[in-house]
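Hello,

Here is the structure we talked about handing over. Please look through it first; my notes follow underneath.

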Amino acid sequence: MTNEHHSESFWTKYIFSQDHKVIGIQYGITALLFMLFGFALMIFMRIQMNHPGTLTPDMYNSFGAMHGTIMVFLGVVPIIVGAFGNYFVPLQIGAPDMAFPKLNMVSYWSYFVGGVVMLISFFLPGGAANSGWTSYPPLANIATTGQTAWIFGMVFLITSSLLGSMNIIVTIVQLRVEGLTWMRLPFFVWAQLVTSFLLVLAFPPLEAAGILQLMDRLAGTSFFMPSGLVVGGEVHASAGGGSPLLWQHLFWFLAHPEVYVLILPAMGIIAEVITNNIRKPLWGYSLMVKSVIFLGFMSFVVWAHHMFLTGMGQGMSIFFAITTMIISVPSVILLTCFILSLFGGSIRYNTPMLFALSFIPMFGIGGLTGLPLGLPLSDIPLHDTYYVIGHFHYVVAPGTIFAIFAGIYYWFPKMTGKSLNEILGKVHFIFSFIFMNLFFMPMFIQGFAGLSRRMSDGGVSYAHASGVIHYNEFMMYASWGLAVAQLPFILNIILTLLKKRDENPDPNPWQATTLEWVAAPSPPIGHGNFLEVPSAYRGPYEYSVPGEEDDYYPQNKS
Amino acid sequence: MSEDIKHHVKIYRNVFIILLICTGLTVYASTIDFNAVTLGLFIGLLIACIKGYLVAANFMHLNNEKSFIYGTLLLAVVFFIVLMSIPLSWNMNGFDVKTDRNNAFDEYKVVKDNSHEHGEEDH
Amino acid sequence: MKIPYNEDLRPDTGLYNAKLGIWLFLASEVMLFGGLFSAYIMLRTSDPFWFDIKPKLNVPLATLNTVFLITSSVTMVMSWVSLKLKDLNKFKIYLGLTLLCSFGFLIVKYFEYSAKFAHGYIPAYSTSFACYFTMTGLHVLHVIGGIVVFLYFIGPGIKMWNSEPDRFTNRIEVAGLYWHFVDLVWIFLFPALYLL
C-alpha cells in the first residue's frame with residue numbers, strides 16, 4: 001500500500017484532524033471531561049438536599065437540568081457513538097477510515113461548539129437552563145436567557161449527531177471488506193448501525209421543536225402557549241392557541257429512541273467483551289441481530305409512555321402500553337443471550353469482563369423496574385417520583401457507564417499500545433459497583449413512598465416523605481464514595497499513558513478474533529489502518545474451534 | 001449511452017409538463033367548494049403526492065436505483081407517518097376545519113387587549 | 001490513503017458513498033419538515049380560535065413560485081445530464097437557469113413577506129401566521145443553502161471538471177438530489193398552507 005507523504009502540521013494532525021482515530025479520541029476526552037462536570041453538578045445537588053442553602057432553588061434547578069443534558073448529550077452519547085463508534089467501526093470492518101473524513105471532523109467540532117454554548121449558559125443572567133432536561137413549556141418558554149442558549153446548544157449537538165450517524169451508516173454499508181457479509185459483522189457494528197438509524201430519523205423532530213420553541217421565545221409566537229395563560233398575575237401576551245402537549249410529543253418522539261441510543265452501543269461493547277472472555281461464540285448471534293433491528297423499529301412507537309399522566313385519553317394510553325410491553329421482548333432476548341453465552345464458557349475474570357458481567361444484573365434491574373412505568377395504572381403513582389430516577393439511572397449508570405468502562409479497559413491497548421493496570425482496574429470496579437448500588441437502590445424505596453423528583457429541598461416539606469427522607473443523607477455519602485471510587489481509574493489512565501511503551505507491543509493482547517486486532521497496536525494516523533487490507537473468511541466469534549491450535553480463529557486468517 | 005440519455009431527457013420533459021398541469025389542477029381544485037371538507041383535503045394531498053412521486057421517481061432517479069435506497073427512504077416514510085399520528089390522534093373526532101373563525105378570533109383579541117396594557121416580556 | 005467507492009459503485013448496493021449519504025440526509029430532512037407539518041396539523045385541528053390566513057395569502061404569487069421551483073428542478077437534472085454528455089457549456093447554461101429560477105423564488109418571497117409585515121401580519125400575530133412564517137422560512141433557508149452550493153459549483157468549484165470529471169458529475173448529481181427535495185417540500189407546503 002502506498003503512503004502518500006504529505007506534510008501535516010500539528011494543527012491538521014491532532015486538532016483539525018480528519019483521521020477517525022484522532023477524532024474518536026477527541027470525542028472520548030471531551031466527553032469524559034463533560035461527564036466529570038455533570039457528575040460534579042449532581043454532587044452539589046445532593047449536598048444541597050442535605051444542607052439547604054448550599055444552592056438557591058433556581059441554581060438547583062439549573063444544576064438538575066444541566067446534569068441531565070450534559071450527561072446524555074455531552075457525555076454518554078458522544079462517548080459510545082462518537083468515540084467508540086468512530087474509532088472502532090472502521091477498524092472492525094477493515095476500512096481505512098470513515099466514509100466522509102471531513103464530515104467527521106465537522107461533527108466533532110459542532111459537538112464541541114454545542115458543549116461550549118452549554119457551559120457558557122451558566123454565566124448568563126439568570127443562569128443556565130432550569131426547566132429540566134426535558135425543557136417543557138410553558139415554563140421553558142418564559143424561563144431566563146439560559147434556556148435560549150440551551151436551544152442553540154442543542155442545535156449544534158443535533159447537527160453533530162446527524163452528520164456523525166450518517167457517516168457511520170454509509171461507512172458500514174459501503175466500506176466493509178471482502179468477505180464481511182452482514183451476518184459476519186461483529187455485534188458491536190450491528191448495534192452502531194441500528195443506533196445511527198435511530199439518530200438520523202429521531203433527532204430532526206426535536207430540532208423542529210427547538211425551532212418552534214426559539215420562535216416562541218424570540219419572536220413571540222405561541223406554538224406551545226395555550227390561550228389565556230396567566231403568568232405572574234398577568235395574562236401572557238401572546239396570540240395563544242398553542243399546546244404544551246405538542247412540545248411533549250415532539251420531544252419524546254426523539255427522547256425515547258434516544259434512550260435506546262444510550263443502551264444499544266453499550267450492549268455492543270458488552271457483546272465484544274463477553275464473547276472474548278468466555279472463549280466461545282456468542283449464543284444466539286443471529287437472534288440478537290434480529291432482536292436489535294426489531295428493537296430499533298419498535299423504539300419509534302413507544303414514546304407516549306412518558307406522557308401517560310397528560311390526559312391523552314384511554315385509546316392512546318392503551319396503544320402505547322401495548323407497544324411498550326412488546327418492546328421489552330427484544331431487550332429480554334438480548335440479555336438472555338448474554339446470560340446463556342456464559343454457560344460452558346472458560347470465563348476469564350479480567351477488569352473489562354467484570355464490568356461486562358455486572359452489566360447483566362444491573363441492566364436487568366433497570367429494565368425490570370421499567371415495567372411498572374410502562375403500564376398506565378402503575379405509572380400513575382410512580383410517575384415523576386424518585387422511582388423513575390432510580391429506574392433510568394440503573395440502566396444508564398451501572399448499565400451504559402459500566403459498558404463504557406469495559407470498553408475503555410478492553411480497547412485501551414488497541415488505542416495506545418499499552419494495557420491498563422489490572423489491580424487498579426479491579427479496585428475501580430469493586431468500589432464503583434458497591435457505591436452505584438448503595439446510591440441508586442434507595443431511590444426505588446423513596447419513589448414508592450411518593451417522593452417527587454426535582455425538589456431542591458429533597459422533599460423534606462412533604463409529610464408523605466417523612467418515612468424515606470433519611471435516605472437522602474445516606475445517598476449523599478454514597479455519591480461521595482462513588483466519586484472517590486473513580487480515582488483509581490483516573491490514576492490508572494494517567495500512569496499508563498506516562499509509562500514507556502514496549503518495543504514491540506502485542507497487537508492482540510486479549511487474543512480476540514475481530515478485525516480491529518489485526519491492525520497495528522495503536523494504528524498510525526492518516527495512513528490507513530492496515531498494512532494489508534484484510535479479508536474476512538468467517539464469522540466474528542470463532543473461539544474454541546475444534547481442530548484449531550489456538551482457542552481463537554481470527555476473522556482474517558485464510 | 002447517448003440514446004439512453006436522450007430517452008431520459010424526453011421523460012424529464014414529459015414529467016415537467018405533467019407537473020405544471022398538476023399544479024394548475026391543485027389551484028383549480030382549491031377553488032371548488034366540496035361538500036365534505038375532508039374530500040377537498042384528500043384531493044389536494046393526493047395531487048401533491050402524485051407530484052412528489054413524479055419528482056422522486058424521475059428527477060431523483062429512484063426508478064433506476066437498487067433496492068437499498070428504497071429501503072432507507074421507505075423507513076423514513078414509515079416513521080413520517082408515525083409522526084403524523086401525533087396530530088391525527090389528538091383530534092380523534094376527525095377533521096372539523098371551520099372556515100369562518102376570523103370573527104371569533106378578533107373578538108377574543110379585543111377581550112385580551114383590554115385585559116392588560118403592556119405587551120413586553122423579558123425573554 | 002483512498003476511501004473505496006467514492007466514485008465507483010459498490011457492486012451489491014449499486015451506490016457510491018455520497019449518494020447514500022445524501023439520501024440519509026434527505027431522510028432526516030423528511031423527519032424535520034415532518035415534525036413541522038405534524039405541529040401545524042395538530043395546532044390547526046386543536047385550536048378553537050384558529051385564525052384562517054388563507055384569504056390573506058397571495059395564491060397567484062405562490063403558484064408562480066411553484067412554477068419557478070419545478071422549472072429549476074428540471075433545469076437542475078438537465079445540467080447533470082449535460083455533464084454526463086460531456087457538454088460543459090450546456091451544464092453552465094442549465095445551472096445558470098436553475099440559479100435564475102431560485103433567485104426568482106426568493107424575490108417573490110421577499111415581496112410576499114414584506115407585504116405581510118406591512119399589514120402587521122408578523123409571526124406573533126397568530127399561531128397560523130407563526131406556522132406559515134416558520135415553515136416557509138425554514139424552506140427559504142434551505143433554498144438559500146442550495147443557491148450557495150450552486151454558486152460554488154458554477155464558480156470556483158467548476159475547476160474539478162478538468163481534474164476529476166466523474167467526481168464532479170457525482171457532486172452535481174448529489175446537489176441535484178438535495179434540490180429536488182427542496183422542490184418536493186414546496187410541493188407539499190404550497191397546498192398545505194395556501195390552498196387546503
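Chain C has 196 residues, and 51% of them are buried (20 or more other C-beta atoms within 10 Å of a residue's own; exposed means 12 or fewer, partly exposed in between; C-beta atoms are placed from the backbone). Before the rest, some ground rules. This is a predicted model: local features need pLDDT of at least 70, side-chain atom pairs count only at pLDDT 80 or more, and totals for chains, interfaces and linings use all residues. Residues are numbered from 1 along each chain as its sequence is written, while chains are lettered from A and ligands numbered from 1 in the order in which they are written.

Chain C

Chain C holds six helices and zero strands (DSSP runs, numbered from the N terminus: H or I of at least four residues for helices, E of at least two for strands). Its pattern along the sequence is α-α-α-α-α-α. The C-alpha trace of chain C spans about 60 × 35 × 25 Å along its principal axes. Take the contacts (C-beta atoms, placed from the backbone, within 7 Å) in chain C between residues at least 6 apart in sequence: 76% join residues at least 24 apart.

Chain B against chain C

Chain B puts 44 residues into this contact and chain C puts in 41 residues. On the chain B side, α1 (2–31), α2 (37–59), α3 (67–90) and α4 (102–115) each supply at least two residues. That side of chain B has 28 nonpolar, twelve polar and four charged residues. The classes are these: Ala, Val, Leu, Ile, Met, Phe, Trp, Tyr, Cys and Pro are nonpolar; Asp, Glu, Lys and Arg are charged; the others, Gly among them, are polar.

The core and α8(A)

The largest nonpolar core (buried Ala, Val, Leu, Ile, Met, Phe, Trp, Tyr and Cys residues joined through C-beta atoms within 7 Å) has 252 residues. Ile270(A), Ala406(A) and Ala39(C) have the most contacts inside it. Beyond four places in sequence, Ile270(A) touches Phe338(A), Ala356(A), Phe359(A), Ala403(A) and Ala406(A).

Ile270(A) also turns up in a helix pair. Helices α8 (residues 244–278) and α10 (residues 314–342) of chain A pack at an angle of about 10°, with axes 10 Å apart. Axes are lines fitted to C-alpha atoms, for helices over the stretch in contact; angles run from 0 to 180 degrees between N-to-C directions. So α8(A) is roughly parallel to α10(A) (under 35 degrees; over 145 is roughly antiparallel, 65 to 115 roughly perpendicular, the rest oblique). From α8(A) come Met267(A), Ile270(A), Ile274(A), Thr275(A) and Ile278(A); from α10(A) come Leu334(A), Phe338(A), Ser341(A) and Leu342(A). By class, this contact has seven nonpolar, two polar and no charged residues.

Helix α6(A)

Helix α6 of chain A (residues 146–174) has 29 residues. Its first and last C-alpha atoms are 42 Å apart, close to the 42 Å expected at 1.5 Å a residue (1.5 Å times one less than the number of residues). Of its 29 residues, 24 are buried.

After α16(A)

Two residues to check lie in the segment after α16 of chain A: Ser535(A) and Pro507(A). Ser535(A) is partly exposed because it has 14 C-beta neighbours inside 10 Å. Beyond four places in sequence, Ser535(A) touches Val177(A), Glu178(A), Gly179(A) and Asn556(A). Pro507(A) has 16 other C-beta atoms within 10 Å, so it is partly exposed. Pro507(A) and Lys418(A) are 89 residues apart in sequence, yet 9.8 Å apart C-alpha to C-alpha.

Best wishes

Definitions and conventions
Two residues are in contact if their C-beta atoms, placed from the backbone, lie within 7 Å.
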